[in-house]
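Colleague: I'm in my first year and still learning to read models like this one. Could you pick a single part and take me through it slowly, strand by strand if there are any?

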Amino acid sequence: MNAERTHHATGITGLDDVLCGGLSPHRLYLVEGVPGSGKTTLALQFLLEGVACGESTLYVTLSESADELHAVAKSHGWSLDAINIRELTPSEEGLRPEDQYTMFHPSEVELGETTRTILEEVTRIQPRRVVFDSLSELRLLAGNALRYRRQILALKQFFSGRKCTVLLLDDMTSTNHDLQVQSIAHGVVCLEQLNPDYGTERRRLRVVKYRGVQFRGGYHDYVIRRGGIQVFPRLVAHESRNRRIKERLASGLMELDHLLGGGIERGTSILITGAAGTGKSSLTAQFVHAAASRGEKSLMVIFDESANTLLGRSKELTIDLQPYVESGVVTITQVDPAELSPGEMVFKIREAVERDHISLVVIDSMNGYLNAMPGEHYLIIHLHELLTYLGQMDVATMLVSAHHGLIGSNMQAPIDVSYLADAVILMRYFEARGEVRQAISVVKKRGGAHERSIREFKMAEGRIQVGEPLRDFRGILTGVPVFEGGGGLMTSPRSSD
């Protein structure tokens with residue numbers, strides 16, 4: 001037998017992180033959630049982890065048959081041969097009229113028989129981990145709240161001296177959700193399943209109580225996939241500290257770097273905002289390409305276009321990212337907001353940063369990120385934690401945000417995150433000499449000097465071009481400029497005719 005451990009691992013790495021190491025041994029815990037939230041899967045992972053540690057385990061099922069449990073395990077590629085399963089579901093003989101109780105209420109007989117069977121099985125097997133599935137059956141057998149509470153207290157007392165860690169599963173199907181077991185249990189984990197108007201269901205968990213342990217509070221997203229439950233602990237930025245590196249990441253375009261005062265600093269966030277088609281995504285690709293050419297790794301999280309479209313469009317501007325993608329220097333992650341929860345997306349970014357030592361992260365776009373969130377106030381909180389974490393990890397972050405509309409002074413982003421960013425690059429359309437042109441400017445940059453002029457921005461002749469400052473125009477940012485000089489615009493075959 002293995003030496004006693006300070007914590008019992010649950011078999012779910014993310015949940016152990018939330019619980020600050022796992023479950024304290026020899027205690028009784030409650031796992032509650034609606035049907036379909038993953039209680040049985042979590043319980044099986046808990047028992048299989050015990051089997052891997054050489055412990056004896058017992059699964060007492062009052063609602064599901066052993067065949068159903070084996071089917072669940074098979075769907076995840078598991079074998080339950082090493083787990084003792086005690087099935088206490090009613091047999092079909094009990095449905096015959098002659099077997100029905102007449103002199104006594106069923107609860108008076110069935111509860112006693114069920115309890116006696118459970119205790120005999122525990123005494124025989126001497127398990128170190130036990131799962132009861134589910135409490136709704138015991139609640140119905142008890143008949144009233146007083147008898148039910150006494151039954152749970154009796155079970156807790158029985159297991160207290162047997163060095164056994166117990167999970168009680170509750171499917172919360174009772175009309176009135178009582179707090180009887182929550183007050184008795186040493187710890188409570190609540191599983192929730194949300195059903196948005198569009199897209200797949202979202203699941204999240206919360207540790208309601210855990211006596212004597214400073215656990216990670218709040219909601220944590222999780223998914224159920226083949227292989228079991230995967231939990232994505234909520235990001236807490238202040239837990240990650242790194243040595244700040246004073247280094248600028250140049251774009252490779254001299255005029256653009258002049259605008260930014262030499263480039264973007266590591267550990268800062270840059271918001272690129274403007275109307276659709278002004279070149280925001282192409283600008284981020286330019287920074288990624290320049291970083292890759294220096295051997296620095298980048299992660300591009302894209303919502304609004306496919307990876308193939310991004311690679312093809314960038315290549316037309318002499319920004320060929322394909323070789324760097326194939327070598328692993330650049331990672332492109334395409335996100336479907338209807339399928340990926342915010343917690344999982346943040347987890348994937350964090351995993352890539354810490355595993356691959358990423359220098360630059362691009363999120364394109366904030367509009368897609370907003371669609372992945374249940375509400376705007378949640379977006380701000382998530383984004384603040386993410387940007388703080390990336391900053392402390394010396395990662396430069398580029399955020400792309402598309403304005404509603406194309407031209408005009410009343411263009412607005414779906415949500416204002418400019419105050420979170422360390423620098424803001426504004427890209428606008430304007431009209432000049434009968435043509436629709438584009439302009440770029442840096443309207444904000446913390447902690448460093450930058451050029452305050454407005455330059456023309458073009459994607460032509462197979463490359464990105466940034467012109468000289470447009471000093472002969474007034475009102476370019478409004479989209480309706482007034483010409484006050486004799487030049488300033490970049491020439492093209494069409495405009496020079």
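Modeller: I'll stay with the open sheet of nine strands, then look at what packs around it and at a few odd backbone spots.

Two notes before we start. This is a predicted model, and local features need pLDDT of at least 70, side-chain atom pairs count only at pLDDT 80 or more, while totals for chains, interfaces and linings use all residues. Residues are numbered from 1 along each chain as its sequence is written, and side-chain values use heavy atoms, with hydrogens and water left out.

Let's start with the sheet itself. Walk across the strands and you get the order S14-S13-S15-S16-S12-S17-S18-S19-S20, with mixed pairing. The labels come from DSSP runs, numbered from the N terminus: helices are H or I with at least four residues, strands are E with at least two. Two strands pair if DSSP finds at least two bridges between them. Strand S14 (330–334) and S20 stand at the edges with a single partner strand each, so one side of each has no neighbour in the sheet. From one strand to the next, the twist averages 20 degrees.

Zoom in on one pair. Strand S17 (residues 423–432) and strand S18 (residues 435–445) run antiparallel and are joined by ten bridges. If you want a landmark there, find Glu431: its bridge partner in S18 is Val436. Something handy to remember when you look at strands: in a regular strand the side chains alternate between the two faces of the sheet.

Now for the helices that sit on this sheet. H9 packs on it and touches strand S12 (269–274), strand S13 (298–302), S14, S15, strand S16 (396–402), S17, S18, S19 and S20. Touching, or contact, is heavy atoms within 4.5 Å. The direction of H9 makes about 165 degrees with that of S16. Angles like that run from 0 to 180 degrees between N-to-C directions, with axes as lines fitted to C-alpha atoms, for helices over the stretch in contact. H10 lies across S13 and S14, and runs at about 135 degrees to S14.

H9 also matters for the nonpolar interior. The largest nonpolar core has 35 residues, and helix H9 (residues 280–293) gives the most to it, with five residues. A nonpolar core here is a set of buried Ala, Val, Leu, Ile, Met, Phe, Trp, Tyr and Cys residues joined through side-chain atoms within 4.5 Å; buried means under 20% relative accessible area, exposed over 50%, and partly exposed in between (1.4 Å probe, protein chains only). The members that touch the most other members are Leu256, Ile264, Leu283, Ile425 and Ile440. Take Ile440 as your example. Leaving out residues up to four places away in sequence, Ile440 touches Leu256, Leu259, Leu283, Ile425, Leu426, Met427, Ser453, Ile454, Arg455, Phe457 and Val466. There is a second, separate core too, with 34 residues, including Val346, Ile380, Leu390 and Val395.

Next, the odd backbone spots. As a rule, most residues other than glycine have a negative phi, and most peptide bonds are trans. Glu461 has a positive phi near 55 degrees, though it isn't glycine. You'll find Glu461 in the loop between strand S19 (455–460) and strand S20 (463–469). With a relative accessible area of 59%, Glu461 is exposed. Thr318 is another non-glycine residue with a positive phi, near 60 degrees. Thr318 lies in the loop between helix H10 (307–316) and helix H11 (322–327), and since its relative accessibility is 59%, it counts as exposed.

Then there are cis peptide bonds to look at. The bond from Asp364 to Ser365 is cis, with omega near 15 degrees. Ser365 is in the loop between strand S15 (360–364) and helix H13 (366–371), so follow the chain from S15 if you want to find it. The bond from Asp133 to Ser134 is cis as well, with omega near 5 degrees. Ser134 sits in the loop between strand S4 (129–133) and helix H5 (135–142).
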